[in-house]
Amino acid sequence: MLVGLFYCFWGYLLFDNLWHSRWLSGHSDVMPMFLSLNTALGVCLLVAVNQPAKHRLMIAYGAWSSLAHGFTMTIMSAQAVAHGMHRKDSPQDIVIFGVIGVTLLALLPAKQPSPAGAPISEPRVAER
């Protein structure tokens with residue numbers, strides 16, 4: 001639930017960024033797109049809180065996307081250092097996204113086994 005709320009808060013940052021056209025001043029159209037994806041992910045993670053086993057795939061997506069983001073930032077930071085530059089969001093953001101990803105994976109509910117030999121039900125046809 002905390003990760004879902006964390007990502008939903010980014011909706012406020014997205015609104016603020018778009019309302020004040022902040023992305024134009026830095027020519028950074030990537031930030032609003034990134035914020036919109038993570039805001040939507042936050043909403044989906046909040047929906048998954050009530051029935052985590054049913055929404056296992058969404059929780060796994062939240063985990064793996066956070067780890068992928070942290071990994072990408074790690075590479076970008078290493079490249080920046082190699083070129084004598086420093087990224088202002090490293091290393092704390094890398095650690096935050098790593099912790100989020102690992103935590104979601106650790107809390108991921110176990111896969112529910114399907115009943116052995118259970119027939120697949122066909123859709124019912126309404127009788128007249």
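A residue counts as buried when its relative accessible area is under 20%. W10, at 9% relative accessibility, therefore falls in the buried class. This tryptophan is a handy starting point for a walk through the structure, which is a predicted model.

The overall fold is quickly told. The protein contains 5 helices and 0 strands, and from the N terminus on its elements run α-α-α-α-α. Of its 128 residues, 26% count as buried.

Aromatic contacts come next. A pair of aromatic rings is described by the distance of the centres and the angle of the planes. The count of aromatic pairs comes to 7. In one of them, W10 and F34, the ring centres are 5.4 Å apart and the planes stand at 45°, so the pair is tilted. Because W10 lies in helix α1 and F34 in helix α3 (residues 30-48), this pair ties together parts that are 24 residues apart in sequence. The partner of W10 here is partly exposed, as F34 has a relative accessible area of 24%. W10 also forms an aromatic pair with F97, and this one is edge-to-face, with 5.9 Å centre to centre and 65° between the planes. Here the link is between distant parts of the chain, since W10 belongs to helix α1 and F97 to helix α5 (residues 92-107), 87 residues apart. Both members of this pair, W10 and F97, are buried. Taken as a network, ring pairs join F6, Y7, W10, F34 and F97 into a cluster.

F34 appears again in the description of the largest pocket. This pocket has a volume of about 740 Å³. Its lining is made up of 23 residues, and those nearest the centre are M31, F34, R87, D89 and D93. Four elements give two or more residues to the lining: α1, α3, α4 (56-82) and α5. The largest share, 5 residues, is provided by α1.

Helix α1 also brings the discussion to the surface. L2 is located in this helix, which spans residues 2-19. With a relative accessible area of 70%, L2 is exposed, because the exposed class covers values over 50%. L2 is also part of a nonpolar patch on the surface, formed with M1, L5 and V49. Together, the residues of this patch have about 430 Å² of accessible area.

Two further C-alpha separations add detail around helices α3 and α4. C44 sits in helix α3 and, at 32% relative accessibility, counts as partly exposed; the class lies between the limits of 20% and 50%. The C-alpha atoms of C44 and M58 are 7.1 Å apart in space, while the two residues are 14 apart in sequence. L57, for its part, is found in helix α4. At 72% relative accessibility, L57 counts as exposed. Between the C-alpha atoms of L57 and L108 the separation is 9.1 Å, with their positions 51 residues apart along the chain.

Definitions and conventions:
Residues are numbered from 1 along each chain as its sequence is written. This is a predicted model: local features need pLDDT of at least 70, side-chain atom pairs count only at pLDDT 80 or more; totals for chains, interfaces and linings use all residues. Side-chain values use heavy atoms; hydrogens and water are left out. Patches are made of residues with over 30% relative accessible area and no salt bridge: like charges are joined within 9 Å, nonpolar side chains (Val, Leu, Ile, Met, Phe, Trp, Tyr) within 5 Å. Accessible areas come from the Shrake-Rupley method with a 1.4 Å probe; for residues, only the protein chains shown count as cover. A salt bridge is a side-chain nitrogen of Lys or Arg within 4 Å of a carboxyl oxygen of Asp or Glu. Buried means under 20% relative accessible area, exposed over 50%, partly exposed in between (1.4 Å probe, protein chains only). Rings of Phe, Tyr and Trp (its six-membered ring) pair if their centres lie within 6.5 Å; planes under 30 degrees apart count as stacked, over 60 as edge-to-face and the rest as tilted. On a 1 Å grid over the protein atoms alone, a cavity is a set of points where a 1.4 Å probe fits but cannot get out, and a pocket is an open set with protein on both sides within 12 Å along at least five of seven lines; lining residues have an atom within 4 Å of a point. Grid points are joined across faces, edges and corners, and a volume is the space filled by probe spheres set on the points.
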